Structure formats: C-alpha cells, structure tokens
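Grab a pencil and work through these exercises with the model open beside you. Try each task before you read its solution.

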Amino acid sequence: MSVLTRDEAQTRAKLLDVHRYTIALDLTTGDETFASRTVVKFTARAEADTFVELKPAELREATLDGHPLDPETLDENRLPLKGLTAGEHELRIDAVMRYSRTGEGMHRFTDPTDSETYVYTQLFLDDVQRVFAAFDQPDLKAAFDLSVKAPENWTVLANGITTDLGDGTWQAAPTPLISTYLVAVAAGPWHSVRTEHRGLPFGIHCRRSLAPYLDQDADELFEITQQCYDRYHEKFEEPYPFDSYDQAFVPEFNAGAMENPGLVTFRDEFVYRSAVTDTERQTRAMVIAHEMAHMWFGDLVTLRWWDDIWLNESFAEYMGYQTLTEATRFTDTWVDFGVMRKGWGYDADQRPSTHPVAPEAVDDTASALLNFDGISYAKGASALRQLVTWLGEKDFLAGINTHFARHRFANAALADFIDSLASATERDVHAWADTWLRTTGVDTLRPVVTRGEEGTYTLQVEHKGSRPHRIAVGLYDQDVADEGRHLVLRDRLDLDIPQTAPLPIGKRPALLLLNDGDLTYTKVRFDTDSFKAVTESLSGLPSPLTRAVVWNALRDAVRDGELPPTAYLDAARAHLPHETDLALVQGVLAFAAGYVTDRYVTPEQRPAALATLSSLCRDLIRRTEDGDNPGLRLIAVRHCIDVAAHPDTIAAWLAEGTVPGGPELDPELRWRVLARLAVLGATDESAIAAELERDLSATGQEGAARCRAALPTVEAKERAWEAMFTRDDLSNYLFTATAQGFWQPEQTELVRQYVPRYYEDVVALAAARGPAIAVAAGRSAFPDYAIDEDSLRLGEACLRDADLTPALRRKLVDQLDDLGRALRVRQA
C-alpha cells in the first residue's frame with residue numbers, strides 16, 4: 001500500500017476543498033466482505049491531476065462527474081483523478097471491502113459465548129480507505145452523511161444520532177466538518193444503556209454477553225462521564241460540538257480507546273468481568289476523561305499533519321489526569337501517572353528511536369504511526385504540566401480557549417498553538433516550545449549540598465541537559481517521635497533551573513528531594529545522606545506523590561546501572577508492606593516482577609529475587625486478612641501467582657476455587673493460576689480444555705491460547721509458533737495471547753532454537769499481515785528473555801540486512817535497545 005507523504009498532502013490540500021461525503025455501507029453481504037458506496041463532492045481550485053485512496057477487495061465502478069473511470073487504473077490504494085478542471089466535482093465509488101480480523105478498518109468479531117457478531121471501525125491513522133473511498137488526510141475536513149444496512153436484529157451507532165428507517169437500514173445525522181480518520185461506525189446486537197445530561201443524549205454500549213457487567217458499572221460510568229463533561233464546560237468556552245455522546249466498548253480493539261466524535265470506542269476489557277482494584281477503575285476513568293478532551297483538542301481543532309500528533313495526545317493526556325483530579329472522586333491521579341505512565345516516556349526518550357515531542361519532519365503516514373508512543377503521550381503531558389507550572393493555569397486556559405475560537409472545525413499546527421498561548425501571556429512561550437518540544441532526551445538533576453557558616457547549608461543542582469525547569473525542592477526531617485521511621489516535611493522551596501545562585505536550605509535535612517510534587521520531566525538523583533534516608537524511611541514519606549517521585553528515581557537508577565537491581569527489590573521488600581497507595585504498590589511490583597526479576601537479575605540471582613517478591617506478597621496477603629483492603633489483597637494475590645516458583649500453593653487455590661480468606665477465584669484469577677502452572681509444567685492440555693469449557697468467552701479463548709503456548713513441551717512450542725508465524729487466522733488478540741505464553745524465563749533452553757527463527761519469520765509476517773500484527777509481533781512475540789550477546793547480534797543483523805516494514809523496524813529497534821540495557825545492567 002502506498003503511504004501518503006507530507007508533500008503529497010500539502011499539494012492536495014492546496015488543490016482541493018472537500019465538502020461532503022455520502023456513504024452507504026451494506027453489512028449484509030457475507031462474512032468476509034461488505035459493500036461500500038461513496039459519493040464525494042469537492043471543489044478543485046485549479047486544473048490538475050490528483051488521486052483518491054481506497055483499498056477494496058473489488059472496485060466495481062467509479063465515475064467522476066458522470067464519466068466512468070477505469071477500475072484497472074487503481075494502483076495499490078490510489079485511484080487517479082486525471083484532468084480535473086477548476087470548479088465543482090462529484091466522485092462516485094462502488095466497491096467491495098474486506099472485513100478485518102486485526103483491529104484495522106472494519107473489524108469483524110463473532111462472540112464465542114453466544115455466536116453473535118459485531119463490527120466496528122478503527123480508521124486511524126490511514127485506515128479509512130479500508131472502509132470507503134476518501135481523500136485521506138486530516139486537513140481535508142468534510143461533512144459526512146452515512147447510512148448503513150445491517151441485519152435485522154442489529155443496532156447501528158455512528159458519529160451522529162442514528163435512526164432506524166426499517167428493513168435494517170440506519171441513517172446517521174450529518175456530521176459537522178471532521179477529518180476522515182474520525183468517522184466511526186459500530187454495528188451489532190449491542191446491549192445499550194442510555195441517559196440524558198444537560199439536554200444531550202448519552203449512551204454506553206457493549207456486547208450482549210457482557211451486559212450484566214456493564215449494567216453493574218453503568219452508574220459509575222455515567223457519573224464519571226458527566227462529571228468530566230461538566231468540568232470541561234467550566235474550562236472551555238466552546239461548548240461540546242457534537243449532537244450526542246456514545247461510548248462503545250468493542251472487542252479486540254488495538255488501542256485503549258479512540259476519540260471518534262460522538263462515538264468513542266474503548267477496548268471492552270474496560271467492562272470488568274472479574275474483580276479489579278480502585279486504581280484500575282481510576283485508569284478507566286482517566287481514559288474516559290482523555291477521550292472526552294479530544295472532542296475539543298483533536299476533533300473540533302485537528303492537527304494539520306501528523307507531525308503535530310502531540311497536540312492531540314499530549315493535551316488529552318494532561319487534561320485527562322488533571323480533570324479527573326478536579327472533578328471526580330479520583331483525587332490522586334498524578335500518583336498513577338508518576339509511577340506508571342511517566343516511566344513509559346522516560347524509557348522511550350532514552351532509546352535510539354526517540355524523537356522530539358513536536359518533530360519537525362514526519363515525512364509520511366507510515367512514519368507518523370510510529371510516533372504514538374511514550375513521548376507523544378507521557379512526555380508531552382509532562383511538558384504541558386511543566387508549562388502550566390511555569391505559565392499559570394489561568395493564562396494556559398486563556399490561550400487554549402483562544403486556540404479553539406481561532407480554529408474551530410478547522411486545522412492547526414504547533415505554530416498556531418504557540419501563538420494562541422502567547423496571546424495570553426507576556427512570557428516567551430516560543431522559546432519555551434523550542435527548548436521543550438523540539439529537543440530529545442531526559443535531563444538529570446543531582447543535588448550538591450554544601451555546608452556554610454554556623455551549620456547551615458546551601459543547595460546547588462547539577463543539571464545535565466538543556467531544558468529550563470521550575471521545580472519544588474522538598475526538605476524532610478526525621479520524625480524523632482517515632483524513632484525516625486517517618487519523615488516530615490520541613491519546607492518545600494521553589495527553584496528555577498538553571499540556578500542563578502545557591503539556594504539556602506538551613507540545617508541539613510534527612511532527605512532533600514528534587515522535583516517534589518513531580519511537576520517537571522527529569523530524572524533526579526540523591527545525595528548520600530538522602531539516599532540513606534530513602535532506604536530507611538521511604539514508606540514514611542507523607543505524600544504518595546512524593547513517594548512516587550522517589551520510586552521513579554530508584555527505577556531510573558536501576559535502568560542506568562547506578563543501583564543494583566537487588567537493591568530495588570530490597571526497598572520494595574522493606575517498604576511496600578507499609579504502602580497505602582494502590583497505584584504505588586501496582587507500579588512498583590510491576591517493575592520489580594516484569595523487569596527486575598525477569599530481565600535485570602542474572603539467572604543465578606533469579607530464584608532469590610522471586611523468593612523476595614513471593615515473601616513480600618505473602619506479607620501483603622497477611623496484612624489484608626481482615627478484609628479492609630480488598631484492592632491491595634487482589635494485587636498481592638495476582639503477583640503471588642505470577643512469581644510462584646513451586647506449584648503446590650496456587651494449584652490448591654485453583655482446586656478449591658478460592659484463596660484462603662478470599663478472594664474467590666474469578667475467571668481472571670483462574671486463568672492467571674493456570675498460566676503459571678503451565679509455565680511450571682504442573683498442568684496439561686486436558687486441564688486447559690476443561691477450563692475453557694468453563695469459560696467460553698473471548699477472554700477465555702485468549703487465556704487458553706496463552707496457557708497452551710506456555711506449556712513446557714517441544715510439541716506445545718511448535719504448535720504455538722506455527723499458529724503465530726505460519727497460519728494467518730489468528731486475530732490480533734489471539735496472536736498476542738499466544739505470544740505472551742510462548743517466551744518464559746523458566747524455559748530459556750527449551751525455546752533457544754526459536755530465537756534465530758524469530759528474526760527470520762517475523763519479517764515475512766509483518767509484511768503479510770500489516771502494522772497491527774507487526775507491532776504485536778515486535779512487542780509480545782519478541783524473545784525478551786534471551787538476554788545474551790548472541791541474541792543481540794542476531795537482532796542487529798536483522799535490522800541491518802532485512803527488508804523491514806516501518807512498524808516492525810521501530811519495535812525491533814526499541815526491543816533490542818532494551819535487551820542491550822538489560823545486558824549492561826547485569827554486567828554492572
């Protein structure tokens with residue numbers, strides 16, 4: 001498929017003004033394809049040639065101004081439009097399009113629970129051409145009239161309010177001007193719950209088999225949605241710009257959610273079948289807030305080209321966390337951002353594939369797709385949080401509202417955004433943007449404490465990097481009342497980096513913490529005395545956000561080879577039993593298990609590392625025996641299962657259907673136990689089949705695939721490999737589940753032969769199955785646990801010699817850099 005270049009898009013934008021699409025989709029023509037008829041009305045400003053994009057199974061007919069176009073001229077995904085004259089034109093396309101099983105274009109899914117079928121669109125970034133013909137670039141906005149013919153028992157959802165016209169035909173209300181990638185359709189026998197808020201129809205929708213679980217959470221989902229809606233109307237002068245607000249939880253979705261105006265689509269794991277923690281509910285709420293922010297930033301005002309994707313994602317990321325904190329019961333969302341989300345940005349920014357938050361050159365759509373990463377989301381949101389700290393929220397919001405007013409239902413670029421901010425302040429926002437948005441890498445701040453006269457001290461911050469920072473410096477003293485187990489805040493001082501003079505701090509604190517409050521994006525280090533205080537009293541810090549900054553600093557030090565991985569485990573063992581914030585417990589255990597024990601310690605150290613985490617989890621389980629903290633207990637049980645080195649205890653849990661003292665094993669926990677038993681060689685195919693019979697759901701199918709791939713036999717590994725790399729019938733989710741089961745640290749010798757096979761087979765797989773499977777293969781099927789020089793050399797040779805798709809190349813670059821880092825950490 002030919003990718004659209006920036007130059008081509010700019011040329012076409014100068015030539016065309018697209019007015020309206022009239023689209024008719026027929027979803028009753030079979031299981032493999034659907035019919036797509038499109039009428040596009042547009043104006044050409046001059047005589048020229050151009051093209052329209054579509055990727056059909058069959059192009060049945062095309063006409064331009066009533067004159068037939070030769071279907072044979074379709075070149076991959078481009079149909080030439082030659083000899084356009086200046087003036088009005090009408091393009092008609094009649095095509096047959098393929099359903100997708102990979103979450104791209106029009107995805108089709110049959111629910112194994114009840115055999116009901118659902119379809120939905122995911123048209124981002126350039127997948128609209130898989131569904132209907134379009135001038136597919138974000139700055140050619142148009143109005144869309146959509147009708148859909150569907151099976152009789154289906155409901156059709158779209159960007160605008162839909163009306164059932166009878167005979168299975170549904171008509172959606174015309175949209176205002178939106179970009180092609182934001183058009184959305186979701187059709188099937190949905191279970192729907194509807195309400196109204198401030199005169200606007202609100203709806204939530206899911207598969208019928210998930211109906212009881214959606215109903216159980218409907219009040220919470222509507223409350224969060226309405227609270228965010230009201231808060232955005234307090235922040236933004238421009239009212240919500242669309243005619244309804246539907247949220248559809250759809251199967252096998254490739255992202256967390258997608259901001260289609262009027263019809264936000266979410267992965268339906270957010271409809272919880274099993275017990276979850278309050279932090280996981282907070283994450284779902286944050287995604288709701290994030291996607292709603294896009295209604296203004298992304299949908300009302302849209303980027304002109306994909307180099308400004310950060311304008312969409314960074315803004316929605318920042319606004320989602322901030323608005324959730326202000327408007328809902330989730331008042332500590334920045335703790336979760338600090339301990340979980342921010343590390344995603346730090347990691348991405350230290351790889352060879354790093355890029356500026358606002359890159360100056362994104363040459364084509366394939367390159368743009370690679371930038372949906374921790375930099376565009378987490379780093380960009382961190383930069384905006386620092387901007388608000390520096391600028392002040394009043395001026396920030398004034399600039400935002402100016403931006404909406406100037407560019408409503410149109411497109412804008414970075415320069416437009418900065419100009420809007422600059423109109424609200426006397427500060428040099430352009431210089432700030434140059435240093436923060438056009439540069440790469442993570443700064444590091446290190447304190448230097450100097451003794452002065454009469455026992456007083458001053459602070460000088462060593463600054464490795466180029467960005468200015470406005471930070472808070474926390475000064476903490478030991479609480480003598482409890483023999484130093486707790487630290488109390490003496491003072492929090494504001495400091496601009498780079499410094500103009502040493503900062504007086506009075507007597508020496510037990511802990512001096514840079515970036516207290518986590519208001520900027522930087523790595524921080526400790527002086528010797530402060531590190532001692534951290535190791536002794538981390539859990540005694542009064543604020544969870546302060547503790548998040550400290551845990552992040554320890555995490556960074558491990559990854560940089562400055563702190564032994566076992567020291568991180570020791571800190572977790574000492575302090576997590578006293579931790580009260582669930583996000584911190586989840587984040588620290590995730591890094592301890594997923595990186596420290598699985599990658600950073602040597603094979604010889606791994607049994608002791610697992611024993612440390614197992615002991616920690618048992619402590620947490622004992623701490624929660626009174627039932628007062630079910631979320632903490634659930635986290636502890638999950639990780640106790642994941643790090644089990646012996647099968648007896650968890651096998652007994654599975655047999656009894658419960659953990660002694662609770663919780664009972666719901667489907668998620670049962671599959672988790674069975675997967676760990678499979679890794680340990682303590683279960684077999686008959687047990688997996690029996691569990692699948694017990695849970696025939698889509699997640700049950702994924703659980704079975706994960707367990708089967710994890711079985712430590714030659715036959716199981718070969719079957720899993722063939723399913724992933726030889727056949728092409730695995731959906732995106734089943735592919736990922738199989739890949740997750742395949743590679744296990746305990747099975748390094750068993751799967752060693754597959755390491756070179758991976759680099760041979762993944763190239764052809766990515767080329768054949770497209771970007772979504774390429775990303776899954778690069779992320780989940782990569783041999784994470786083959787941490788040795790031979791694996792690194794094989795990967796580097798693949799990068800050097802193979803013809804890789806852009807999506808696969810980016811994933812391999814990142815994975816190999818992480819592999820090299822793991823090797824360096826082990827050597828350090």
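## Exercise 1: Two rings in one helix

W334 and F337 sit three residues apart in helix α5 (residues 333-349), so about one helical turn separates them. Keep in mind that this is a predicted model.

**Task.** Work out whether W334 is buried or exposed, and do the same for F337.

**Solution.**
- Step 1: The cut-off for buried is under 20% relative accessible area.
- Step 2: W334 has a relative accessible area of 5%, so W334 is buried.
- Step 3: F337 has a relative accessible area of 2%, so F337 is buried.

## Exercise 2: A pair across the sequence

**Task.** Find out how the rings of Y759 and F782 are arranged, and which parts of the chain this pair ties together.

**Solution.**
- Step 1: To describe two aromatic rings, you need the distance of the centres and the angle of the planes.
- Step 2: For Y759 and F782, the centres are 6.3 Å apart and the planes are at 80 degrees.
- Step 3: Planes over 60 degrees apart count as edge-to-face, so that's what the Y759 and F782 pair is.
- Step 4: Now locate them: Y759 is in helix α23 (residues 754-769), while F782 is in the loop between α24 (771-779) and α25 (789-801). The pair therefore ties together parts 23 residues apart in sequence.
- Step 5: Check the surroundings too: Y759 is buried, at 6% relative accessible area, and F782 is buried as well, at 1%.

## Exercise 3: Back to the helix, with the whole count

**Task.** How many aromatic pairs turn up in the whole structure, and what kind of pair do W334 and F337 make?

**Solution.**
- Step 1: Searching the whole structure gives 52 aromatic pairs.
- Step 2: W334 and F337 have ring centres 5.1 Å apart and planes at 80 degrees, so they're edge-to-face.

## Exercise 4: Charges over rings

**Task.** Which ring does the charged end of R467 sit over, and which face does R599 lie over?

**Solution.**
- Step 1: The charged end of R467 sits over the ring of W436, 5.5 Å from the ring's centre.
- Step 2: R599 lies over the face of Y595, 4.8 Å from the ring centre.

## Exercise 5: Read a sheet

**Task.** In what order do the strands of the open four-stranded sheet come, and which are the edge strands?

**Solution.**
- Step 1: The order is β8-β9-β14-β11, and the pairing is antiparallel.
- Step 2: β8 (105-110) and β11 (155-158) each pair on one side only, which makes them the edge strands.
- Step 3: From one strand to the next, the twist averages 10 degrees.
- Step 4: Zoom in on β8 and β9 (residues 117-122): six bridges join these antiparallel strands, and M106 stands opposite T121 in β9.

Note on methods. Residues are numbered from 1 along each chain as its sequence is written. This is a predicted model: local features need pLDDT of at least 70, side-chain atom pairs count only at pLDDT 80 or more; totals for chains, interfaces and linings use all residues. Side-chain values use heavy atoms; hydrogens and water are left out. Two strands pair if DSSP finds at least two bridges between them. Helices (H or I, at least four residues) and strands (E, at least two) are DSSP runs, numbered from the N terminus. Axes are lines fitted to C-alpha atoms, for helices over the stretch in contact, and angles run from 0 to 180 degrees between N-to-C directions. Rings of Phe, Tyr and Trp (its six-membered ring) pair if their centres lie within 6.5 Å; planes under 30 degrees apart count as stacked, over 60 as edge-to-face and the rest as tilted. Buried means under 20% relative accessible area, exposed over 50%, partly exposed in between (1.4 Å probe, protein chains only). A charge sits over a ring if NZ of Lys or CZ of Arg is within 6 Å of the ring centre and within 35 degrees of the ring normal.
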